[in-house]
Amino acid sequence: MDLHSSIEAHYGADDLVERIMTALRGAGYDADRPTVEMLSLVDQLHGGGLDSTKAQAELAGISRGMKVLDAGCGIGGSSRYLAQTYGCRVEAIDLTPQFVETAERLNRLCGLEDVISVRQGSVTDLPYEGGAFDLVWCQNVSMNVEDKPRMLAEAFRVLAPGDRYTLSHVARGKAGEPYYPLPWAREPSYSFIETPEEMLELLKGAGFTNIVVRQGASSSAKPPPEGLGSQVVMGPDMPLRSANAIRSREEGRLIGMLIVAERPQ
């Protein structure tokens, strides 16, 4: 199985919208009228949940009305948060076709289809013009990207001069290999994690400046109501995968990074 097929197989699942609505109803929510806040109980597919999305948005210094690229959007949780909270216009892209379809349907259900556009594609080959965006947002995507120089070069290309790239990334620690399965990979063949120092050198090599890093962010978060959380989308083994990520961080095998970098004028 090639790399793209491995990643799509890891994330892809059918009937995700139905699965999400069933879980919300089971937890006592009115899934016939879903809101961005309601969906945030299941659509934050990374460690830290909505709190980590808020922290990344604050670090990035997002202002109202920005044109944002959500590079690796999953089922659109960050796109919807940025559109509703900051009034951003969002272009979103993801490698997994089922995620793209799910994001589009959830955007329509929340009435955000006019401000969020979603398409299938890769962060290493972005189908957008140069200088098109005020912000490129990438959340826990890079660990599945082998060709990081190309990913970073593409982010740099589509940013307008003077604007920013923000990514959350999990880097390799000094204490040995992490414990698998992990949220982004059930085994190491499609997990690509560099040291924090290597990641910074890659960013500099792509031309980014004014790089700000917040390291060591915890992957733990307040548990969602029973029956909800990322496992609704990511599968019933997600609690084990998340526990392995937390253990790996606690033992210094993984290091969380929040990064903001600038394309120079």
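In the predicted model, helix H7 (residues 148-158) packs against helix H8 (residues 196-205) at an angle of about 45 degrees. The two axes lie 9 Å apart. H7 is therefore oblique to H8. The crossing of H7 past H8 is right-handed. On the H7 side, the contact is made by Lys148, Pro149, Met151 and Leu152. Their partners in H8 are Met199, Leu202 and Leu203. By class, six of the contact residues are nonpolar, none is polar and one is charged. The charged one is Lys148.

A second helix pair is formed by H4 (residues 49-60) and H5 (residues 77-86). Here the packing angle is about 55 degrees, and the axes are 11 Å apart. This angle makes H4 oblique to H5. Their crossing is right-handed. H4 contributes Leu50, Thr53, Lys54, Ala57 and Glu58 to the contact. H5 contributes Ser78, Tyr81, Leu82 and Tyr86. The contact of H4 with H5 holds five nonpolar, two polar and two charged residues. The charged pair is Lys54 and Glu58, both in H4. The polar residues are Thr53 in H4 and Ser78 in H5.

A third pair joins helix H2 (residues 16-26) and helix H6 (residues 97-109). The angle between H2 and H6 is about 50 degrees, with 9 Å between the axes. H2 and H6 are therefore oblique to each other. From H2, the contact takes in Leu16, Val17, Glu18, Ile20 and Met21. From H6, it takes in Gln98, Phe99, Thr102, Arg105, Leu106 and Leu109. Seven residues of the contact of H2 with H6 are nonpolar, two are polar and two are charged. Glu18 in H2 and Arg105 in H6 are the charged residues. The polar residues, Gln98 and Thr102, belong to H6.

The strands come next. Seven of them build an open sheet in the order S3-S2-S1-S4-S5-S7-S6. The pairing within the sheet is mixed. Its edges are strand S3 (116-120) and strand S6 (209-215), each of which pairs on one side only. From one strand to the next, the twist averages 15 degrees. At the S3 edge, strand S2 (residues 89-94) runs parallel to S3. Five bridges connect S2 and S3. Within this pair, Ile93 stands opposite Arg119 in S3.

Two loops carry notable backbone geometry. The peptide bond between Tyr180 and Pro181 is cis, with omega about 0 degrees. Pro181 lies in the loop between strand S5 (159-172) and H8. Asn140 has a positive phi of about 50 degrees, although the residue is not a glycine. Asn140 sits in the loop that links strand S4 (133-139) with H7.

Overall, the protein chain contains ten helices and seven strands. Its radius of gyration is 17 Å. The globule rule gives 18 Å for 265 residues, a close value, so the chain is as compact as a globular protein of that length. Along the principal axes, the C-alpha trace of the chain spans about 50 × 40 × 35 Å.

Methods
Residues numbered from 1 in each chain as written. Predicted model: local features only at pLDDT ≥ 70, side-chain atom pairs only at ≥ 80, totals over all residues. Heavy atoms only, no water. Pairing = 2+ DSSP bridges. Helix = DSSP H or I, 4+ residues; strand = E, 2+ residues; numbered from the N terminus. Axes fitted to C-alpha atoms, helices over the stretch in contact; angles between N-to-C directions. Parallel < 35°, antiparallel > 145°, perpendicular 65-115°, else oblique. Left-handed = near helix turned anticlockwise from the far one by under 90°. Contact = heavy atoms within 4.5 Å. Rg over C-alpha atoms; globule rule 2.2 N^0.38 Å.
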